[in-house]
Amino acid sequence: MRKGEYLGNFDLMLLLALQRLGDDAYGVTIARELEEQTGREVVVASVYATLERLQERGLVVSRLGESTPERGGRAKRYFRITGAGIREVREARRCLMNLWKGLPQLKGEKA
Amino acid sequence: MTSKQPPSLTTWMLKHFGSGPNNDAVLGDLAEQYVQNGSARWYRRQALKAIWVSLFREIRAHKGSAVVALLTGWVLWTFNVTSIFPLITPYFFNVNPDGPTIGVAILLSDPIGSVLTVLSAPVRLHAALNQPFSFAFAVALPFVAWALIGGLVAIIANLHLEANQTGIPARAKLTIGFHRDRQTAAVFLFAGSTLLLNLFLTGYFVFHLQMLVHGPSQEWSSAFGHLAAYVAASIVGIFLGGTLMGGLLHDKSTVVRN
């Protein structure tokens with residue numbers, strides 16, 4: 001990762017989704033996982049655009065998978081988080097936890 | 001919609017206007033999701049956003065070639081209205097040979113007026129000359145001109161400097177290769193800039209036109225109608241030229257590969 005470059009919110013969510021999905025992480029399952037966990041609609045193309053960027057940074061790798069008739073014969077593209085990606089997620093968690101520590105309770109949050 | 005085939009027009013649009021290395025995977029994912037949720041509305045929304053996201057990403061990834069293609073398009077159009085259109089004007093309008101020379105004024109002191117002049121000269125000239133509107137001059141000819149320029153923009157987006165194997169910059173050569181993604185993004189960018197400039201300048205255009213109009217025959221609605229026809233012709237022309245040129249380049253690259 002380039003110096004001073006942080007993971008964005010969506011970057012982090014995607015990397016976490018990849019970890020949760022393991023070997024079954026491709027566009028449809030990633031979008032579904034994010035929608036289930038966040039309750040918001042996810043644009044499939046945004047998932048790919050972000051994963052492409054993370055791939056350029058060496059945080060994820062991809063491979064072409066099988067094609068099925070329901071996909072119109074088009075191959076799936078599977079993604080997997082790399083060692084560097086896992087380190088980045090850990091680092092992001094550490095930073096966020098540090099920032100979170102000692103904060104007063106947020107408005108509307110239950111004790 | 002009960003059929004399990006996704007909306008065909010939307011699929012066609014995503015296939016042809018979507019760009020980026022993952023466009024095929026996105027098409028497959030949307031088709032797979034569509035089979036499960038059956039919502040044509042969801043499919044259309046996702047496909048249109050996919051076109052937008054992929055174009056934006058492609059332009060950002062290849063800013064240089066996008067800017068060069070855009071500038072080339074505007075320089076060519078400016079050359080067209082300043083050099084070619086004045087030559088053909090006498091064939092469409094009754095111009096007094098002893099009168100002032102017909103031309104397009106570009107003034108640094110009036111940048112907005114100059115942009116307006118360059119952008120919409122063909123559709124404004126009849127009013128300036130106090131003559132009837134000519135569809136051939138204001139819509140048909142510009143359509144051909146914009147189509148040619150759209151094609152050239154597509155070619156420019158395909159040009160790139162390729163260093164030879166020795167890696168010596170001085171011996172780098174200009175080559176043409178097929179980059180569908182870059183080309184789609186450049187043509188969209190050029191068409192989008194044309195549309196946006198027209199939208200921004202519409203009010204100014206109509207006001208300016210009213211200043212030039214003599215007599216009651218010219219109505220506001222017809223001025224808008226002429227402008228709308230001209231703008232539609234320019235946008236369709238750019239897309240048509242860019243798409244046709246893209247197809248030709250693609251065919252050529254296939255022949256070379258074989």
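**Entry 1: chain A**

What share of the 111 residues of chain A count as buried? I looked this up before anything else, and the share is 31%. I take a residue as buried if 20 or more other C-beta atoms lie within 10 Å of its own, exposed if 12 or fewer, and partly exposed in between, with C-beta atoms placed from the backbone.

Before going on, I note that this is a predicted model, where local features need pLDDT of at least 70, side-chain atom pairs count only at pLDDT 80 or more, and totals for chains, interfaces and linings use all residues. Residues are numbered from 1 along each chain as its sequence is written, while chains are lettered from A and ligands numbered from 1 in the order in which they are written.

I found four helices and two strands in chain A, running α-α-α-β-β-α from the N terminus on. Helices (H or I, at least four residues) and strands (E, at least two) are DSSP runs, numbered from the N terminus. Along the principal axes, the C-alpha atoms of chain A fill a box of roughly 55 × 35 × 20 Å.

I also checked contacts, where two residues qualify if their C-beta atoms, placed from the backbone, lie within 7 Å. In chain A, 45% of the contacts with a separation of 6 or more join residues 24 or more positions apart.

**Entry 2: chain B**

Chain B has eight helices and two strands, and I read its pattern along the sequence as α-α-α-α-α-α-β-β-α-α. Of its 258 residues, 35% count as buried. For contacts in chain B with a separation of 6 or more, residues 24 or more positions apart account for 75%.

**Entry 3: confidence**

The model scores ipTM 0.87 and pTM 0.72. Chain B averages a pLDDT of 79, and 75% of the residues score at least 70; pLDDT is the predictor's confidence in each residue, from 0 to 100. In chain B, helix H2 (residues 23–37) has the highest mean, 93, and strand E2 (residues 173–176) the lowest, 56.

I marked residues 161–166 of chain B, where pLDDT stays under 50 and the model has 11 contacts beyond four places in sequence. I marked residues 253–258 of chain B as well: the pLDDT is below 50 there, and the stretch has two contacts beyond near neighbours in sequence. Where pLDDT is low, the predicted coordinates should not be read in detail.

**Entry 4: where the chains touch**

How many residues does the contact take from each chain? I found 18 residues from chain B and 16 residues from chain A. On the side of chain B that touches chain A, H2 and helix H3 (40–61) each supply at least two residues. The largest share of that side, 11 residues, comes from H2(B). By class, the side of chain B has eight nonpolar, five polar and five charged residues. Here Ala, Val, Leu, Ile, Met, Phe, Trp, Tyr, Cys and Pro count as nonpolar, Asp, Glu, Lys and Arg as charged, and the others, Gly among them, as polar.

**Entry 5: helix packing in chain B**

I then followed three helices of chain B: H4 (residues 63–88) and H5 (residues 111–128), then H6 (residues 135–158). Axes are lines fitted to C-alpha atoms, for helices over the stretch in contact, and angles run from 0 to 180 degrees between N-to-C directions.

H4(B) and H5(B) pack at about 45 degrees, with axes 9 Å apart, so they are oblique to each other. Angles under 35 degrees count as roughly parallel, over 145 as roughly antiparallel, 65 to 115 as roughly perpendicular and the rest as oblique. Among the residues that meet are Trp77(B) and Phe85(B) in H4(B), and Val118(B) and Pro122(B) in H5(B).

H5(B) and H6(B) have axes that come within 8 Å and cross at roughly 165 degrees, so this pair is roughly antiparallel. Pro122(B), Val123(B) and His126(B) in H5(B) meet Phe137(B), Ala138(B), Leu141(B) and Pro142(B) in H6(B). This contact has six nonpolar, one polar and no charged residues.

H4(B) and H6(B) pack at about 150 degrees with axes 9 Å apart, and are therefore roughly antiparallel too. Residues that meet include Ser65(B) and Trp77(B) in H4(B), and Ala145(B) and Ile149(B) in H6(B). I noted 10 nonpolar, four polar and no charged residues in this contact.

**Entry 6: one residue**

Last, I looked up Ala232(B), which lies in helix H8 (residues 220–257) of chain B. Ala232(B) counts as partly exposed because it has 14 C-beta neighbours inside 10 Å. From Ala232(B) to Ser65(B) I noted 26 Å, C-alpha to C-alpha, and 167 residues in sequence.
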